[in-house]
Amino acid sequence: MIFHAFLIKYAEIAIKGKNRYLFEDALVKQMRLALEPVEGDFRVIKEQGRVYVLCPEEYDFDEAVEALQRVFGIVGISPVVIYEDQGFEQMGKDVVSCMKARYPEFSGTFKVYTRRARKSYPINSMEVSASLGRLILDAFPEASVDVHNPQLTLSVEIREKIYVYSETIPGPGGMPVGTNGKAMLLLSGGIDSPVAGYMIAKRGVKIDAVYFHAPPYTSERAKQKVVDLAKLVARYSGPIRLHVVNFTDIQLYIYDQCPHEELTIIMRRYMMRIAEHFAKKCGCLGLITGESIGQVASQTLQSLAATNEVCTLPVYRPVIGFDKQEIVEISRKIDTFETSIQPFEDCCTIFVAKHPVTKPNLNVIHRSETKLEEKIDQLMEEALSTVEVIEIN
């Protein structure tokens, strides 16, 4: 069956008051970007409080739906058949024809819901629904009407043309990307950080990312793994500017100068400083991490407080209260899990201490960091000046 359009349903956008049009425009923009790779001349339009995707004569239905299911702000996608308005008698024939094409052996319960956007139409909505219901019962003798809990709701919208649809495919929800500012994601090759980026993007935040590379201790394949993860997240978030920072010399210097049980915390503090540098440079309003309370030594409350101390921007941790299985479930849903578990180590796992401190004392950490004063500023400057920027589209 050929559908002529998709009716796009949204939720939170509808309560935005006088600013609603800004969110609708952002949603339309993201939908157009998402549909660009899909073959065919799709047109996204706003019309009388509705957003439609008008489809070409030939297109890949599944590919189009899949693209729309990655656009934050959409809660439902209804495939629509459009008929010319040639009077009620013809409308009845068209609706029955649509039912037969979509549900040829239908024998369940149904109801007809009519929305008369064109108020000049001579028959009111209740009368249209009742008349169409009778025609469907005539065409499907085994079917029955249930207006309270039907198995199928056939929706008919009367506009300049007649729009008919009967199902809603779930969308991702959330808010259109770009409506809530921008933030910098600390992206590693693990499971958690891509999920964190996805979740923040779902709230309308545009994201950039920073990855800490440690050659030769981490391979080019480890770097490619992170690029691949950024591409998977970008399917939802839109383009990402990925900053690849060579962190080797800083890590080795910390390793040589500081107590090994504090290595993870001190290393993490310098990562946050570097990430914040690029965040401010890119106009970001915060940092994003994939930290979850108690998951590892560097993610106890005391450790998180120690890393927070070096930041002036807020740090957003969307998976902070999730257990590992909950995070894994989301990673599977967004197709990052299989890439995340590829056996290529990142810089955090290479330099982990055997017995890391779980309740770091800030005064002790400060004293340890004084041992870095001779060279750390120079090493930081070198890391910042040699960053590689990869545009992920």
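P216 is found in the loop between β11 (206–213) and α6, and a cis peptide bond with an omega of about 0 degrees joins P215 and P216. The model described here is a predicted one, and every value given below is computed from it. Most residues other than glycine have a negative phi, and most peptide bonds are trans. A second backbone feature to set beside the cis bond is found at D335, whose phi is near 70 degrees, a positive value in a residue other than glycine. D335 has its place in the loop between α10 and α11 (337–340), and because its relative accessibility is 44%, D335 counts as partly exposed.

**Salt bridges**

The structure holds 25 salt bridges, and three of the pairs are set out in the table.

| Pair | Closest N to O distance | Location |
|---|---|---|
| E220 and K223 | 3.9 Å | both in helix α6 |
| R241 and E391 | 3.0 Å | strand β12 (240–246) and strand β15 (388–392) |
| R317 and E291 | 2.4 Å | loop between β14 and α10, and loop between β13 and α9 |

The pair within helix α6 brings together E220 and K223, which are three residues apart, or about one turn of the helix. The two partners differ in their surroundings: E220 counts as exposed because its relative accessibility is 53%, whereas K223 is buried, with a relative accessible area of 13%.

The salt bridge of R241 with E391 has its closest N and O atoms 3.0 Å apart. Since R241 lies in strand β12 and E391 in strand β15, the pair ties together parts that are 150 residues apart in sequence. R241, at 36% relative accessibility, counts as partly exposed, and E391 is also partly exposed, with a relative accessible area of 47%.

In the third pair, the side chains of R317 and E291 meet at 2.4 Å, N to O. This pair links distant parts of the chain, 26 residues apart, with R317 in the loop between β14 (315–316) and α10 (324–333) and E291 in the loop between β13 (287–288) and α9 (301–308). R317 is buried, with a relative accessible area of 13%, and E291, at 2% relative accessibility, counts as buried as well. Elsewhere, salt bridges that share partners join R20, E24, D25 and K46 into one network.

**Pocket and cavity**

Rolling a probe the size of a water molecule over the atoms shows where empty space is left. The second largest pocket has a volume of about 450 Å³. Of the 20 residues that line this pocket, L33, A34, P37, A234 and R235 are the closest to its centre. The elements that give two or more residues to the lining are α1 (20–35), α2 (61–68) and α6 (220–237), and the largest share, four residues, comes from α6. By residue class, the lining of the second largest pocket divides into 11 nonpolar, three polar and six charged residues.

A search of the whole structure for closed spaces finds one cavity of 30 Å³ or more, and about 50 Å³ of space lies in the largest cavity. Its lining is made of 12 residues, of which C98, R102, V164, Y165 and S166 are the closest to the centre. At least two residues of the lining are supplied by each of β4 (76–84), α3 (88–102) and β8 (161–165), with α3 giving the most, namely three residues. The lining of the largest cavity divides into 10 nonpolar residues, one polar and one charged.

**A surface patch and a buried cysteine**

On the surface, L137, V145 and V147 form a nonpolar patch that has about 230 Å² of accessible area together. One of these residues, V145, lies in strand β6 (residues 144–145), and V145 counts as partly exposed because its relative accessibility is 47%.

C258, by contrast, counts as buried at 6% relative accessibility, the cut-off for a buried residue being under 20% relative accessible area. The place of C258 is in the loop between α7 (248–257) and α8 (263–281). The C-alpha atoms of C258 and G174 are separated by 44 Å, and the two residues are 84 residues apart along the chain.

Definitions and conventions: Residues are numbered from 1 along each chain as its sequence is written. This is a predicted model: local features need pLDDT of at least 70, side-chain atom pairs count only at pLDDT 80 or more; totals for chains, interfaces and linings use all residues. Side-chain values use heavy atoms; hydrogens and water are left out. Patches are made of residues with over 30% relative accessible area and no salt bridge: like charges are joined within 9 Å, nonpolar side chains (Val, Leu, Ile, Met, Phe, Trp, Tyr) within 5 Å. Accessible areas come from the Shrake-Rupley method with a 1.4 Å probe; for residues, only the protein chains shown count as cover. A salt bridge is a side-chain nitrogen of Lys or Arg within 4 Å of a carboxyl oxygen of Asp or Glu. Buried means under 20% relative accessible area, exposed over 50%, partly exposed in between (1.4 Å probe, protein chains only). On a 1 Å grid over the protein atoms alone, a cavity is a set of points where a 1.4 Å probe fits but cannot get out, and a pocket is an open set with protein on both sides within 12 Å along at least five of seven lines; lining residues have an atom within 4 Å of a point. Grid points are joined across faces, edges and corners, and a volume is the space filled by probe spheres set on the points. Ala, Val, Leu, Ile, Met, Phe, Trp, Tyr, Cys and Pro count as nonpolar, Asp, Glu, Lys and Arg as charged, and the others, Gly among them, as polar.
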